[in-house]
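Welcome to this guided tour! Please open your viewer and keep the selection tool at hand, and we will go from stop to stop together.

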Amino acid sequence: MTRSAAGVMDAVLHDPEKPVPPSGPAWGAVVSLALGTFGLVTAEFLPVSLLTPLAHDLSISEGAAGQAMTATAIVGAISAPTVAIITKRLDRRTVMWAMTLLLILSDLLAAGAWSLAVLLTARVVLGIALGGFWSMSAALAMRLVPSHLLARAMSIILTGVSVATVCAAPIGAYVGDIWGWRSAFILAAVGGAATLLVQLITIPRLPPIGVASFRSLLDVAKIPMVKIALLVVLLVASGHFAGITYIRAFLEKIPALDVETISLVLLAFGIGGFFGNLAGGLLAEYSLKAVAALAPLLIAISAVSLLTAGASALASAIAVDAWGFAFGAVPVGLQTWMVRRAVPEQAQSAGVLLVTVFQVAIAAGAIFGGLLVDNAGVTSAIAYSAVATFVAALIVFLLGPKRET
């Protein structure tokens, strides 16, 4: 961030009309946002671990049940700009509380679903919460802590993603096996209620700054460095999800691992993502460009390792773990890059653009990866991951953010 932008930020932070906690960084509020990301990601990926019993109970195919994931991503892409614009005059904490209420409602609807239509309704509600929450989280972090602590705050917020990645699938499967799949969503709703309570206590009054509009989105999108960042987001996210969506199929066919071993490898992937998130936050404080470039480069190296040495169970496990570590650092670098490229009043618009492109890339990557798998085999999806993330890393090295001034 330039000194002039930092000056604007200081003015915003100290404007009595736009108060923030007087005692310094509002770490409690930051932690409450991390709890929000944990609840959202847990709810988003619960169907993965509950797909078979869920489909059986609703008398639908597993493929139809799997569309619940696609619905959430598509709605999330649409709701990111829509929620920001519709709620542009509301206090930001009120909006975040509303998004958490929608998360709870989604979990309760899913728990009581008696048909595919109700399940998809629950996932649409979740998509609205997901897009709205993510589009504002980075901008809120920017107002809750000083600019030099932004990367650390984003790392804490995104730790919720990493923890959910580690916990959601195994806990969902375990709880679903003991008490039924509906109980997993009920447990998620209880967690959402606890999150809302913490947010009610910790998030300070945050009047809107830089009212969001389609014009403001276009203005931010015209910033050269933001254009580059969005291109990198599209490449990294589509590359990641094109490959990782079908990583189980790869592990079953190439190193021919059994289900128990695959579960351990995927657990290691999630744990790697947790530590990658922490490492990304620390490194971003010193070199944002290093995080933004090295994370996709490590994904590319991991994908190439799977293609060249994937027949070895040990090599595959190490490569998948490294992939998880690398992707854990990706959101920290990209979100921090985006909000720092825009002036403070444009931070929310930058977050909206990031979430929209990211959700589109998730859907596009999964769909494109599926086409590659069906027509050219599972290794072709891994190959696309390698190419897309390598190109993203190259773009960052050549055109990415310069050293902060």
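Start with the chain shown as a cartoon: it holds 15 helices and 0 strands. Keep in mind as you look around that this is a predicted model. Of the 405 residues in the chain, 54% are buried. Now think about which residues touch. Among contacts between residues at least 6 apart in sequence, 86% join residues at least 24 apart.

**Stop 1: the largest nonpolar core**

Select Val232 and Trp337. These are the residues with the most contacts inside the largest nonpolar core, which has 99 residues. Which helix gives the most to this core? Colour residues 224-244 to see: this is helix H9, and it contributes 12 residues.

Next, centre the view on Trp337. Leaving out residues up to four places away in sequence, Trp337 touches Met225, Ile228, Ala229, Val232, Leu288, Ala292, Val396, Gly400 and Pro401. Apart from the largest core lies another core, of 15 residues, and you can find it by selecting Ala111, Ala113, Ala122 and Phe185, which are among its members.

**Stop 2: helices H4 and H7**

Two packed helices are described by the angle between their axes and the distance between the axes. Try this with residues 92-111, helix H4, and residues 181-202, helix H7: they pack at an angle of about 165°, and their axes are 8 Å apart. With that angle, H4 is roughly antiparallel to H7. The crossing of H4 with H7 is left-handed.

Now show the side chains where the two helices meet. On the H4 side, the contact includes Met96, Trp97, Leu101 and Ile104. On the H7 side, look for Trp181, Phe185, Ala188 and Gly192, among others. By class, the contact of H4 with H7 has 15 nonpolar, 4 polar and 2 charged residues.

**Stop 3: Leu46 in helix H2**

Select Leu46, which sits in helix H2, residues 27-58. Is Leu46 buried or exposed? Its relative accessible area is 3%, so Leu46 counts as buried. Show its surroundings: beyond residues up to four places away in sequence, Leu46 touches Ala168, Gly172, Ala184, Phe185 and Ala188. Try a distance label from Leu46 to Ala188: the two are 142 residues apart in sequence, while their C-alpha atoms are 9.1 Å apart in space.

**Stop 4: helices H11 and H12**

Move on to helix H11, residues 259-284, and helix H12, residues 288-309. Their axes come within 7 Å and cross at roughly 145°. Gly280, Leu283 and Ala284 of H11 make the contact with Leu288, Ala290 and Val291 of H12. This contact has 5 nonpolar residues, 1 polar residue and no charged ones.

Stay in helix H12 and select Ala295. With a relative accessible area of 6%, Ala295 is buried. Setting aside neighbours within four places in sequence, Ala295 is in contact with Ala290, Ala326, Ala329 and Val330. The C-alpha atoms of Ala295 and Val330 are separated by 5.9 Å, with their positions 35 residues apart along the chain.

**Stop 5: Ala256 in a loop**

For the last stop, select Ala256, in the loop between helix H10 (247-253) and H11. Most residues other than glycine have a negative phi. What is the phi of Ala256 near? The angle is near 55°, a positive value in a residue other than glycine. Switch on the surface too: Ala256 is exposed, with a relative accessible area of 55%.

Key
Residues are numbered from 1 along each chain as its sequence is written. This is a predicted model: local features need pLDDT of at least 70, side-chain atom pairs count only at pLDDT 80 or more; totals for chains, interfaces and linings use all residues. Side-chain values use heavy atoms; hydrogens and water are left out. A nonpolar core is a set of buried Ala, Val, Leu, Ile, Met, Phe, Trp, Tyr and Cys residues joined through side-chain atoms within 4.5 Å. Buried means under 20% relative accessible area, exposed over 50%, partly exposed in between (1.4 Å probe, protein chains only). Helices (H or I, at least four residues) and strands (E, at least two) are DSSP runs, numbered from the N terminus. Contact means heavy atoms within 4.5 Å. Axes are lines fitted to C-alpha atoms, for helices over the stretch in contact, and angles run from 0 to 180 degrees between N-to-C directions. Angles under 35 degrees count as roughly parallel, over 145 as roughly antiparallel, 65 to 115 as roughly perpendicular and the rest as oblique. A crossing is left-handed if the near helix is turned anticlockwise from the far one by less than a right angle, and right-handed if clockwise. Ala, Val, Leu, Ile, Met, Phe, Trp, Tyr, Cys and Pro count as nonpolar, Asp, Glu, Lys and Arg as charged, and the others, Gly among them, as polar.
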